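Subject: A structure for you to look at

Dear colleague,

I am handing over the structure below, and after it you will find some notes on what turned up when it was examined. Please keep the structure open beside the notes while you read.

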Amino acid sequence: MRLNDKTLTPAPLDATTLQAAILHHLTYTIGKDAPKASLHDWRMALSFTIRDQIVAPWFASTRRTWAEDRKRVYYLSMEFLIGRILEDAAINIGLRDMAEQVMAGLGVDFRALVEDEPDAALGNGGLGRLAACFMESMATVGCPAYGYGIRYEHGLFRQRFEGGQQVETPEDWLQQTNPWEFDRPESAYTIGFKGHVETVEGREVWVPGETVFASAYDTPVIGWQGEWANTLRLWSAKATTQFDLARFNHGDYAAAAEPEALARTISRVLYPDDTTYAGKELRLKQEFFLTSAALQDILRRYFAEHDDINGLPDKVAIQMNDTHPAIAGPELMRLLMDEHGASFDDALRIAQAVLGYTNHTLLPEALERWSTFLFGNVLPRHMQIIERIDAWHKATYPSRPHYVGIVKFQEVHMGELAFIMAHKVNGVSALHSDLVASSLFPELAKLHPGRIINETNGVTPRRWLHLANRPLSKLITDTIGEAWIRDLDRLRDLEPHIKDKAFAEAFAAAKRANKVAISGWVAKECGVTVNPDALFDVQIKRIHEYKRQLLNILQTIAQWHAIRENPTADWVPRVKVFGGKSAPGYWVAKEIIHLINDVARVVNNDPLVGDKLKVIYPANYNVSMAEKLIPAADLSEQISTAGKEASGTGNMKFMLNGAPTIGTLDGANVEILQEVGADNFFLFGLTAAEVVERRKDVEHSAHAIRESQSLQDVLQMIAEGRFSPEQPDRYYGVVDRIWHHDYFLVAADYAAYEAAQAEVDAAYRDPARWVRMAAMNTARGGFFSSDRTIRGYMKDIWSTESAL
């Protein structure tokens with residue numbers, strides 16, 4: 001460790017002292033005797049032991065930041081999809097292999113112990129996983145930082161399938177003690193809602209009608225080799241009035257507990273259904289709850305050491321991860337004006353100097369809009385401030401078109417608010433950043449030249465290669481040394497070895513080992529036997545029309561039909577793997593899930609097809625499932641409609657693990673193609689510009705269907721009920737949308753996708769060629785490290801330096 005605080009440096013551990021520490025925690029923390037201890041008991045004992053080793057560098061990092069008065073980064077995100085912590089933390093402090101050895105000596109299977117840990121239900125998809133990668137990378141590169149989020153009791157939901165349909169049940173990860181968090185009841189802040197605004201001595205004063213406490217829970221995030229650690233602070237909502245004893249004593253038991261139940265509602269569920277007014281109100285309350293608690297905490301920390309409010313931008317950088325925390329601008333101004341006496345102009349200047357905004361999507365539903373009635377009712381003081389910000393902006397930029405602004409058409413536009421209140425706005429891939437400027441905020445981009453920049457996303461190689469793919473990680477380290485784990489650009493050193501026969505054989509053997517492992521898991525979890533020598537074709541991500549799981553399953557149906565028509569042909573066997581959840585109220589996406597499962601039922605039970613094609617859709621996709629599936633993947637499906645995917649990070653994880661991409665020129669696919677070269681990428685489909693042009697033809701889908709006999713046959717089979725004989729008309733809506741309302745151009749790209757899949761088959765038939773392609777993907781993946789991304793944020797947005 002490079003930290004200099006000797007009083008906090010833990011004694012070096014050997015196997016004997018590690019075992020003693022585990023047994024100590026088993027006895028004195030868990031309260032169990034070793035012969036009677038369960039797998040859960042052993043996991044908790046090991047977790048507390050590993051946590052002990054993290055606390056020292058965590059404290060040392062915090063003390064150094066205070067002592068050197070360093071600028072801190074504060075990352076505000078509604079999601080932190082951190083996954084399991086035990087193995088990740090053990091790897092980063094160099095204890096993973098020793099822990100496995102020690103647990104084996106105690107008669108405990110380390111792999112089973114790791115699998116016993118629940119995934120933290122703190123996110124849904126790429127947004128939350130990116131935030132988790134960023135937290136780990138900030139610790140690895142020595143960027144002093146806090147992550148702020150909500151400690152959801154039940155997360156998004158636990159997915160299961162009944163009759164092929166998605167069913168949502170609550171996540172229960174907090175029913176067990178979380179050994180990684182520290183309860184901080186002293187760090188609690190009052191969060192207000194509703195009420196009214198009064199004028200007192202010439203100043204506006206907000207008198208909330210409702211209040212809750214935001215209570216903090218801290219999780220240390222350790223970087224590679226334990227050299228730096230940061231804090232993930234999650235807020236739990238608690239009642240300001242815990243219990244009404246008078247009501248209870250009068251027999252009104254439910255009413256007595258009502259304040260606590262209503263407060264806890266705020267931190268129960270990620271993304272509650274907002275199709276009702278109550279749901280919309282809860283979503284807005286959640287976003288303000290997170291943001292206000294974080295900002296109060298940030299200002300408390302700043303004023304503990306500084307008196308001058310104007311110095312805030314020198315010590316504080318706040319990053320809004322998408323539009324969910326966009327209320328940060330008005331809330332920070334409210335705190336500066338109403339509680340610290342700043343003028344409007346000073347508060348605005350300071351807020352803009354500390355705030356940065358990352359846009360993650362071009363989809364309208366992600367650029368939140370709230371009715372002025374709802375917003376003014378829930379946050380009346382902030383409605384005043386927003387209207388004043390909007391008026392200031394219009395007066396300062398008189399050339400601003402009348403249709404541009406924060407408040408327009410009786411709605412508060414959070415994307416425009418975030419843009420105006422941030423000193424930098426970044427996209428997350430080169431194409432996406434261009435589209436943010438040209439399509440999403442074109443007028444604001446012209447008024448604020450230079451504000452929009454690009455910071456292409458990345459992933460942490462510690463979790464997504466070194467941890468998740470131990471066979472490949474070992475091969476890489478044996479070949480080029482272990483420096484790549486910190487400096488992913490070192491993967492380029494693999495290139496001279498790719499033509500070496502022994503290396504190629506070892507690379508193929510590592511992939512097959514992962515496929516054998518996942519085949520056993522699929523048999524256990526899904527009840528389907530798959531051939532590990534088949535091509536594993538994987539699409540795992542949130543279910544959405546623009547991500548086009550529908551295109552994938554249509555081509556799968558065509559493949560099944562072709563095999564049935566000519567079963568003795570030389571088919572490349574495929575295992576089609578899907579994974580992902582739909583939002584509970586997104587009925588079109590849920591219909592696609594149902595179709596995938598219905599197709600799987602037919603295909604997997606077709607004796608004529610046998611091992612030539614299998615369709616797998618394990619329920620409840622999460623980080624831990626991704627860590628199993630990605631190392632085993634042969635082909636990465638990144639087939640979104642061009643111009644819709646901001647970046648993607650799954651595409652980067654597959655690339656690092658040696659899976660070539662079949663994809664469109666969308667998001668970070670563009671940069672993956674640039675890095676790996678056209679010979680190692682299966683490109684198809686319309687470009688973003690061509691998509692815009694094609695939509696001008698109102699008959700574009702009908703034209704595409706008429707030109708493809710394969711697609712006609714597929715749609716006919718679906719319409720006839722071939723996959724839903726018990727309800728033949730089940731998918732009439734799917735077929736009708738493809739014919740007449742195909743906004744995401746599934747039909748238009750179908751023929752090109754089918755041709756690209758034929759190219760995949762041709763490449764896979766040549767094992768030497770396929771291994772070269774796969775290995776080249778790994779070797780060229782260095783650009784996509786989140787360490788590189790974080791250094792870009794530090795230089796271009798946060799103006800901060802590494803402490804290491």
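A good place to begin is a group of aromatic residues, in which Y74, Y146, Y148, Y189 and W235 are linked into a cluster by ring pairs. Please bear in mind throughout that this is a predicted model.

Counted by ring centres that lie within 6.5 Å of each other, the aromatic pairs come to 25. One of them joins F161 and Y617, whose rings are 4.9 Å apart from centre to centre with 70 degrees between their planes, an edge-to-face arrangement. F161 belongs to strand β3 (residues 158–162), while Y617 sits in the loop between β19 (613–616) and α24 (623–632), so this pair ties together parts that are 456 residues apart in sequence. As for exposure to the surroundings, Y617 is buried, with a relative accessible area of 7%, whereas F161 is partly exposed at 23%.

Another pair is made by F783 and F784, and because their planes stand at 85 degrees, with the ring centres 5.1 Å apart, this pair is edge-to-face too. F784 is buried, with a relative accessible area of 1%, while F783 is partly exposed, with a value of 27%.

Aromatic rings also meet charged side chains here. The charged end of R72 sits over the ring of W66, at 4.5 Å from the ring centre, and R151 lies over the face of Y217, at 3.9 Å from the centre of that ring.

Turning to the backbone, you will find an open sheet of nine strands with mixed pairing, arranged in the order β5-β8-β9-β2-β1-β10-β11-β15-β16. Which strands stand at the edges of this sheet? They are β5 (182–193) and β16 (452–454), and each has a single partner strand, so one side of each is left without a neighbour in the sheet. On average, and with direction ignored, neighbouring strands of the sheet are turned by 25 degrees against each other.

At the β16 edge, the pairing with β15 (residues 424–427) is in the parallel sense and extends over three bridges; for V425, the bridge partner in β16 is I452. Elsewhere on the sheet, helix α13 (residues 344–354) lies across β10 (316–321) and β11 (355–358), and the helix runs at about 50 degrees to β11.

With best wishes

Technical notes. Residues are numbered from 1 along each chain as its sequence is written. This is a predicted model: local features need pLDDT of at least 70, side-chain atom pairs count only at pLDDT 80 or more; totals for chains, interfaces and linings use all residues. Side-chain values use heavy atoms; hydrogens and water are left out. Two strands pair if DSSP finds at least two bridges between them. Helices (H or I, at least four residues) and strands (E, at least two) are DSSP runs, numbered from the N terminus. Axes are lines fitted to C-alpha atoms, for helices over the stretch in contact, and angles run from 0 to 180 degrees between N-to-C directions. Contact means heavy atoms within 4.5 Å. Rings of Phe, Tyr and Trp (its six-membered ring) pair if their centres lie within 6.5 Å; planes under 30 degrees apart count as stacked, over 60 as edge-to-face and the rest as tilted. Buried means under 20% relative accessible area, exposed over 50%, partly exposed in between (1.4 Å probe, protein chains only). A charge sits over a ring if NZ of Lys or CZ of Arg is within 6 Å of the ring centre and within 35 degrees of the ring normal.
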